[in-house]
Each structure stands twice: as C-alpha cells, then as structure tokens.
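User: I am a first-year student and would like a close look at a single part of this structure. Could you take one helix, explain how it packs against its partners, and then place it in its wider setting?

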Amino acid sequence: MIRKPVSKPAKGIDPSQRTVVKLVRPSKPDSPIPSYDMSRGSGSERAAIPLVTGKPWGDRAFKNLTAGFAGLILLLAIAMVWELWLAASESVSAMGWHFFLTQKWDPVLDHFGALAFVYGTIASALIAFLIATPFGIGIALFLTEIAPRPMREPISFLVEILAAIPSVVYGLWGIFVLAPLMRSHIDPFLIGWIGKPLFAAPSTGLSLLSAGIILSIMILPTIMGISREVFQAIPRGTREAALALGATKWETIRVAVLHPSRGGLLGAVMLGLGRALGETMAVTMVIGNRPEISANILGPSHTIAAVIANEFAEATSDIHLSALAELGLVLMGITILINLAARILVWSTASRLQTAGDDS
Amino acid sequence: MMKIRFSLAAFLLIPSALSFALDLNGAGSTFIYPLASKWFSEYNKKTGIKINYQSIGSGAGIRQLLTGTVDFGASDATMSDEDMKKGKYPILHLPATMGAVAIVYNLPDAPTGIKMTPDILAGIFLGDIKKWDDKAIMALNPGMKIPGQDISVAHRSDGSGTTSIFTEYLSKVSPKWLEKVGKGTAVNWPVGLGGKGNEAVAGLVKQVAGSIGYVELAYALENKLSFALIRNQSGQYPLPSIETTTAAAASAIETMPADFRASITNMPGKDSYPICGFTWILAFKKYDDAAKAKTLVDFLTWSMDEGQKMGPALHYSPLPPSLIQKIKVAIATINENDPKTGVQASKGD
C-alpha cells in the first residue's frame, strides 16, 4: 500500500529523501531504518529504466519550471524594492540623510524623520526577543527532553495554536486585558521597584513594554517550534553517550543538547525577531503611537509598520506618501540585515562545530 | 488561431459585462461610509442602479479619483489647489453630509458638561495645561467638583478627517496651535497617546482616568462618554448634537464660497456647535461617458432630497435646506455644456 506512491517519484530523489527523513525525525530511533528500507524496497532497477528515457525533456522541463519559480521570487523581490525606491524618490531627494538622523515626523510641515520609528521598531522587537527566547527554548527543551511522552504533543499543539490567532485579536486582547493589567499592577510595581530611567511614571498601559509583551507571545510559537525541531535533530546516541559518561540530566542537556544546537537555536530566535519587526496591527493597538525616543519603556512609542498602516490611507501630499514608502524600504532593509546577520551567525557556528568534530 | 480569437473575445466581454453590473464606482471617506452604504442600498432598491463604494480613506479616495479609477470620491477634507489641477477635468466639491467632533473625557466623580474656552482646549492639546484643576478650567466651572488629576491626551494615530476638522478648528482659534502644529489629516502632536480609529480613541478615554480626546459625535453618544461644552463664537456653550451642527452650517451659508470648499468650524450663531465639518462628494465637472454623468447627477440629486432624511438615524447631521438648493444647482452643472463630445470620446475607449 505504501509502495506505490513511493515508487512514483522515482530514483532521482532517493538520497535527498533519506536525509530529509533523517533530519526531521531522528528522535524516534526506529523511524529512519524502516523508511530507508522502504525507499530501497521501491525497486531501484525498475525505477531506473523509465528515468533514462524520460531524462531528455522531462528532466529539463522540470528543471526549467522549478528554476522559473525560484527566479520569479527573485524578480518579485527586485521589483518590490524597485517600486518602493521609485515611490520613495521624492522623499529621498527632499529629506536626504535627515530622514535617518532626525526624529520629527510632521506631515503638516513636510518634515519626515524616521529615527523614532526605527528606534521603536527595534526596541519593541528586542523586548519581545528577550522575553520570548528563554520561554521558547525552555518549552522546547521541556517538550523534547523532560516531559513525559503523552504530554509532548498536546503542549506543543497548544503553543503552536498561538501562531494561528489573528494579530488583530492579539491587539484587542492587548487593549482590553493587557493594557489595564499593566496600568494597574505591573507598571506601578516596576516603577516602584526598579524605577528610572527604564520604568518611569506616568503609566497608561499603552507602552513599548506592552507592545514587546504582545509581540513576545506572537513569536513564541516560531521560536518554540524551530527549537524543538533542532533538539529533535540531535541523534539519540549523543545523549546516551553523555549519560554513559556519568552526566546528570542537566549536564546531558547542556553538553549533548544545547551545545550542539547553538546554530539552529540562533536561527530560531532570529526568525522570531524577524517576525516581531514586521508585526503591525497588534503593535499599533497597544504601543501608544507616539514617535519619540526615550529610555522609559513604559512610555508610548511607534513602529515603522504601524505608522505606514496608520497614515497611508489618508496621506494626501505626495511627499508624505513618498516618506511612507521610504519607511517601507527602511523596514525591508532592517529585516534583511537581521536575516543576513542570522545566516552569518548560523554559518559560523556550524563551521566551528564541524571543525570541532561534532556533526549536526 | 481560432482558439486565440475566441479567448480574446471572451476576455473583452468580461470587463464590459462588469461595467454593466456596477453602474458607478466611488471611493474615499470612511466617515461617510455607514450613511453612504445606506444611500446606495436604498437607491438600488428604487432604481436598480448599483453603486460600489470602497471606504479606503479620504486621501486614497482622492488619489483614485485623480487616476480615474473611480467615478466619484468622498472626502472629509477639501482638496488642495495643487491636487485639483491633476484631474482630467475640473473637480466639484459637493457637501454630502456633516459630522461633529465631540471632546470627550473621563474624570471619575466629575459630571459631564465641563465648560471650556477655545484657549483652554488648545492649551490642553498643546500640553500647556497639564492638570484638570487648572485655574482657567476652575474659573470657568465654578461649583463643579473637578479633581486635581493629570490630564492625559488621546488623539488619532491614523490620518483622518476627524483630525482634520479638529486641527483646523484649533488652528483657527489658537495662533500658537497654528504656529506650532497646524492642520491636517495627521499632525505632529505635542502631547498624548495615539489610537487607531475613533473606536480606539473612545476606548482610550473610557479606560484611562483623567484622559481627554476627540471623537466623532456618534462614538461619544454610543459609548456614553462625558463630553465637554466648547464656547462658540457667540459666547454660548451648545451641546454637540445633530441640530447644533446643522445650525453651524446654516450660519455659514452667507459666507459660503461658490465651490463649497468652506470650513464650518467656529461659526457665529448662538446654536452653532464650533467643531464640525462637511464631508464632500468629489465629482468631475465633466464625464466622457454621458450616460454615466446622468446616472451620477440623478443619484446626487436624490441624495440631497431623500438621502438627507436618512442622516439623523445614523448620527449624521442633515444639510440645511438653503444650502441644499445651492448644491443642487452645482450638481446640475455636471456635463451640462456639451454631452456630445462625451459620446465621441467614449467610442475611443
């Protein structure tokens, strides 16, 4: 029953299929072996014959088709940057470097400075990152290493369901539940115990911190999900080796699980950060929408995505629209930079690991 | 070859079928949308004409009108002279309805109806007046129990016609506001928190004690918020309401310019509520498609007669009758000169 669909994709993808299986589900020690057997049992000789005759046009067509898809993505990205650049040109020539160096955003006087929005975007994403990282990785560790087997799937399902909630619902929850809670309990506590400059009165509940908290909940599933995959990709033998050497549970986790998965965890966290940077609706509902740079994270702030969503529809002057397009370009730049940084970090840790003799 | 020709024919048929189904397309103001959609459905019941309207914001509506994507726009703010030149034909501003902006606040233990002068209001939104028991407020409201709470300002974070009316009013009554902030659909607010949409500002005011904000009248009434009484030009403190808004428009008629691009904030007359404004339908003076022009003229005329009666139930203020007469004259000028050129041009499409 299983054989038929397996034999159809034919020989060419056999090796890659094996590695995929190996990467995704190695924690179940029995699974790689039957699936490996299965692909061998599909009959390599039988599949090889149609493949030779089909190669000339079938392979080429498939190659061209998929290359076309990939190229289309590239084209789309270039076209988007190009269009944004065209739309932003008026603001670029009018504001020049002042766009990046000033924080006054005044559509009436046609003065547009992006600094406060850039600050708010990065600060809110950073707060989210600081809160969500320990939780995300902690939950993933608990689920793969500590939790009893029957608990794992339900908990991970519940966390993943967080990703399915629309962001406007998070925003409403933020306005009606989180903001009052912050205003009446958490903010006064922070002001009293830690105080200035990070936590200063007065608190309205709508703040950089509230936005960061909402964002942290929104990126938690991303971080948790990928971390869990990463931990599961570590061969069981590594853990067993650590245990056999007399390591305790915690030492095993530290040496055999956390250490070799540093690269993957970085990737998980950076993906979460990337998501936090671009979030719009939930953030604009709780951040207070005030473009200013202040060390006080209980004060209102503003983000790039939020101001575009807020002002685009009613922007009447050309330069205002153009400045919003330039903000879009800036946001794109920030996201690309962060993703690049993540890639470089992952590569460098991966290569270091390889030279150290570990394999992942 | 045959296949290609056939599919080409099918391709050409689809758009023409669509344009037959949707007789008019409009876009713009979100403020007028509840009233406008009522109009369109009632008008459709009566005449069978379909009007499609996208409530995407006044600014976006203006842009779509200028590029010719829609047949008419709707805006809470007047178009600039510069923008008006970008249209294919001259553009008419036709007042369609009116809205009032209520100043709402949340002061526990204090009743509704705190009186304010324009100076006090500007002072609060400029950040000069920081406490509710400020001397100026206390002097104007003797005998009222006003706590010494910090004032927290709430404003719109999204560009909006409500903001446009409010800042236009403040610019008119306060030289300092005009110099420091100015008027527009989005401005650089000296103080306060921003909420996206009337509902968010109303929500902020409802939640935060000591807060003050501005929302469309309907939101103040529906959320049962306390509202301030603002002194008008005649020294009176009228309640923000449908009637006082219509009164403001009525007292503006004498000074109304021929193109209706008028502000009706801070109007004289003892019943005139000072912070209100028109929503305009923006239409071209000429359409290449004469049939379309006639459909639009018929609809606009209907909106002045039957349409105005539907306003109050939805918290919109009807236009004063004397103004309606003037607007009807303006509506009648659409394509009145030479409809024939229109027919020729439409052949070219």
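Analyst: What follows looks at helix α9 of chain A, beginning with its two helix partners and ending with the chains around it. Please keep in mind that this is a predicted model, and that the values below are computed from it.

Helix α9 of chain A covers residues 208–232, and one of its partners is helix α8 of chain A, which covers residues 167–193. The axes of these two helices come within 10 Å and cross at roughly 135°. That angle makes α8(A) oblique to α9(A), because an angle counts as roughly antiparallel when it is over 145 degrees. The crossing in which α8(A) passes α9(A) is right-handed. On the α8(A) side, the contact is made by A:Ser167, A:Tyr170, A:Gly174, A:Leu178, A:Ala179 and A:Met182, while α9(A) contributes A:Ser210, A:Ile213, A:Ile214 and A:Met218. Sorted by class, this contact of α8(A) with α9(A) has seven nonpolar and three polar residues, and no charged ones.

The other partner to consider is helix α12 of chain A, residues 262–278, which packs with α9(A) at an angle of about 155°, the axes being 8 Å apart. With that angle, α9(A) and α12(A) are therefore roughly antiparallel to each other. Here too the crossing is described as right-handed, with α9(A) passing α12(A). From α9(A), the residues that make this contact are A:Leu215, A:Ile219, A:Thr222, A:Ile223, A:Ile226, A:Ser227 and A:Val230. From α12(A), they include A:Gly264, A:Gly267, A:Ala268, A:Leu271 and A:Arg275. By class, the contact of α9(A) with α12(A) has 10 nonpolar, five polar and one charged residues.

We can now turn from these pairs to the nonpolar core. The largest nonpolar core has 162 residues, and A:Ile214, A:Val286 and B:Leu282 are the members that touch the most others. The largest share of this core, 14 residues, comes from α9(A). A:Ile214 appears in two parts of this picture, since A:Ile214 is one of the α9(A) residues in the contact with α8(A) and is also among the core members with the most touches to others. In chain B, B:Leu282 is in contact with residues that include B:Ile62, B:Leu65, B:Phe72, B:Met79 and B:Ile91, once its neighbours within four places in sequence are left aside.

Helix α8(A), the oblique partner of α9(A), also has a place where the two chains meet. In that meeting, 24 residues of chain A are in contact with 28 residues of chain B. The elements that give two or more residues to the side of chain A touching chain B are β1, α8, α13 and α14 of chain A, and α8(A) gives the most, with three residues. By class, this side of chain A has 13 nonpolar, six polar and five charged residues.

Finally, the makeup of each chain gives the setting for the helix. Chain A has 15 helices and two strands, and 34% of its 360 residues count as buried. Chain B has 14 helices and 11 strands, and buried residues make up 48% of its 349 residues. Among contacts in chain A between residues at least 6 apart in sequence, 76% join residues at least 24 apart.

Technical notes. Residues numbered from 1 in each chain as written. Chains lettered and ligands numbered in written order. Predicted model: local features only at pLDDT ≥ 70, side-chain atom pairs only at ≥ 80, totals over all residues. Axes fitted to C-alpha atoms, helices over the stretch in contact; angles between N-to-C directions. Helix = DSSP H or I, 4+ residues; strand = E, 2+ residues; numbered from the N terminus. Parallel < 35°, antiparallel > 145°, perpendicular 65-115°, else oblique. Left-handed = near helix turned anticlockwise from the far one by under 90°. Contact = placed C-beta atoms within 7 Å. Nonpolar A, V, L, I, M, F, W, Y, C, P; charged D, E, K, R; others polar. Core = buried A, V, L, I, M, F, W, Y, C linked by C-beta atoms within 7 Å. Buried ≥ 20, exposed ≤ 12 C-beta atoms within 10 Å, placed from the backbone.
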